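Work through these short exercises with the sequence and the model open side by side. Try each task before you read its solution.

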Amino acid sequence: MTQPTATLAEPARQTPLLDEVDVLVLGGGPAGLAAAASAARGGARTLLVERYGFLGGMGTAAGVTNFCGMHANVHGTIRQVVQGVGGELLARIDALGGLNTPHLLFGGRIAAQAYDTAAFKVAADELLQAAGARVLLHAWVAGVAMRDAAYIDAVLLETKSGRVAVRARQFIDGTGDGDVAAHAGVPYEKGADGHAMMYPSTMMRIGGVDATRAGQAWLHVGERMRAAEARGERFARQGPILRPQKNPSEWRANVTQLARADGGPVDGTDALQLSAAEAEGRCQAAHFLRFLRSDMPGFETAYLLDLPPQVGVRETRRIVGDYVLTEDDVLGCASFDDTVGVNGWPVEEHLAGDVSFRWPYGTDTPEGRAASRGYNHLPWRMLLPRGVDNLLVAGRCASMTHGGQSAARVSGGCFVMGQAAGSGAALALQQGVAPRALPVALLQKRLLAAQAWLGLEGEKLPNSI
C-alpha cells in the first residue's frame, strides 16, 4: 500500500492492561492452536488471541477445508506423520462427523484429508478448553511495547472494547503474517525476490452436486477448462482442485488466483490490495460456477454454497531465524539434530497462472519413492527469530526461504511448529532460560511424551492409511 503523505497526530494515551500471562499466543490457526494447547498443558498460564470470532486460521477463515501435510509418502507407503495435537484435533473433528477419510492425490504420491469448517471450529474450541488455555476473540494485533531491543514487554490489541495491552513472559507469533515479529523489529523476507510472493486464492464450496453423475470429476476438470479456453473462456489459473466433501453433494474448489493490476501477486499485508482481491475472488468463483454448470456433468444445478470470510493467503512475511529452512532441505529430505517434527508435503509453488509441484529428489518412479523416506525434519531453530529473545514464530511466517515455505506452510507443518513452540515456551519458563538456550533434548522428550512424531532414527513409524 502506498504510504499516505499526510499524517495525523494522535493524542498520547494510557493503554489499559487487560491481562498478564506466562505465554501469549497470537493467531488461532493450526500453529496457534497447537501452541496454546501445548503451552497450557505444559503448566503455563496461556492466552490465545484471534482476530475472528472463531479459530482455525486459513482452514476456516479462508475456507481451505482440506488438511495437507498430515501425511507423507514414507518409503512408498502413505503414513500420517503429524500426530500429537494435530492428530487430536482430527479425532475431535471426526467425532463431530466432519472428517473425510484421507484421499490420494497425484496418482497415489501423497494424501490429503477434507473436513467441514463448522466441525473444525467446534473441535478447536473443545481442544483449547480441554487443555486449559484461555481465548480472546475479536482482537487484532496493533503493535508491541518493548522492554528493550531484545525483549517484548506487551502486545497491543485493538478490540471492540478499545485498545488494550497484554503482558507476557513468552510470546508466540502464529499470525501467519508475522505481525508481532515485524512490530518487534525482527528481520523478515517476502517472496522469492522481495516481492514475488505466492498468489492468494478465494476458496469456494459448491452445493447441489449430483455425485453419481459427477463421478471422478477431478480427473477431467482440467481438460474441460482447456477446451473452454479454446472457445474463448479465460481462467486465472490452471491446476484446478475439485473434490467432494463429507456430504457427497457438497464439493470444494481451489481454482482462483488473485493478482494486482500489474499481474503480480496480491500482498496479504496490504489493506488496499486485499480489499480489491476480495471482490475479484468472488467474481472468479461465480465465473467458475458458471463453467461447472455448463461443462461438467453432475453440476448442472449446482450453486455457491459458501464463500469464506477472507481470501486464502499463502505467503507474506517470513521471519529470519537461527536456521532458514530451504527448498533443498525439503527436496533432499534433510535431517536435523534439533528436529521437532516433520514435513511430508512437496514444494507447492503458486506461480502466475499455474501451480508448480516439486517432489523429493529421486522419487519420480515407484522405485524411487520406495527408496525415499519422503519427509524432512523441521528444526527448532527455524522458530527462533533473530534479535528477540522471548518470541517464537510458528506457522507459515516461520524462518523459511520462499521455496521451503512453499512446502512447510501447509497445515501439517503448522501443527508441528505450533506444538513445538508452545511446548518449548512453557519448558523454557520452567527451566528459567530463553527458548534459544533450552536444551533441545528436553524439548524432544516432552514432544514425544505428548505423542508427537519427530522422525528420529529408530522412532516407530506411524500406521499407514
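**Exercise 1: a sheet of four strands**

Arginine 205 stands opposite arginine 252 in strand 15. The model is a predicted one. Task: find which strands make up the sheet around this pair, and in what order.

Solution.
- Step 1. Start with the two strands that hold the arginines. Strand 13 covers residues 204–207, and strand 15 covers residues 251–254. Three bridges join them, and they run antiparallel.
- Step 2. Extend to the full sheet. Four strands form it, in the order 14-15-13-16. The sheet is open, and its pairing is antiparallel.
- Step 3. Look for the edges. They are strand 14 (241–244) and strand 16 (303–306), and each pairs on one side only.
- Step 4. Check the twist. On average, neighbouring strands of this sheet are turned by 35 degrees against each other, direction ignored.

**Exercise 2: a sheet of three strands**

Task: in the open sheet 3-7-6, say which strands stand at the edges.

Solution.
- Step 1. Read the order. Three strands pair antiparallel in the order 3-7-6.
- Step 2. Count partners. Strand 3 (66–67) and strand 6 (103–105) each have a single partner strand, so one side of each has no neighbour in the sheet. These two are the edges.
- Step 3. Inspect one pairing. Strand 6 is joined to strand 7 (residues 110–114) by three bridges, and the two run antiparallel. Leucine 105 has isoleucine 110 of strand 7 as its bridge partner.

**Exercise 3: helix 1**

Task: decide whether helix 1 is mostly covered or mostly open.

Solution.
- Step 1. Locate the helix. Helix 1 spans residues 30–41, twelve in number. From first C-alpha to last it reaches 16 Å, close to the 16 Å expected at 1.5 Å a residue.
- Step 2. Apply the cut-off: buried means under 20% relative accessible area. Eleven of the twelve residues of helix 1 pass, so by this cut-off the helix is mostly covered. Among them are Pro30, Gly32, Leu33 and Ser38.
- Step 3. Find the cover. The buried residues pack against several elements, including strand 1 (17–26), helix 3 (84–95) and helix 12 (411–431).
- Step 4. Look just past the end. Glycine 43 takes a positive phi of about 95 degrees.

**Exercise 4: the whole chain**

Task: judge how compact the protein chain is.

Solution.
- Step 1. Take stock. The protein chain has 13 helices and 22 strands.
- Step 2. Compare radii. The radius of gyration is 22 Å, close to the 23 Å that the globule rule gives for 465 residues, so the chain is as compact as a globular protein of that length.
- Step 3. Add burial. Of the 465 residues, 58% count as buried.

Key:
Residues numbered from 1 in each chain as written. Predicted model: local features only at pLDDT ≥ 70, side-chain atom pairs only at ≥ 80, totals over all residues. Heavy atoms only, no water. Pairing = 2+ DSSP bridges. Axes fitted to C-alpha atoms, helices over the stretch in contact; angles between N-to-C directions. Expected span 1.5 Å × (residues − 1). Buried < 20%, exposed > 50% of the residue type's maximum accessible area, 1.4 Å probe, protein only. Contact = heavy atoms within 4.5 Å. Rg over C-alpha atoms; globule rule 2.2 N^0.38 Å.
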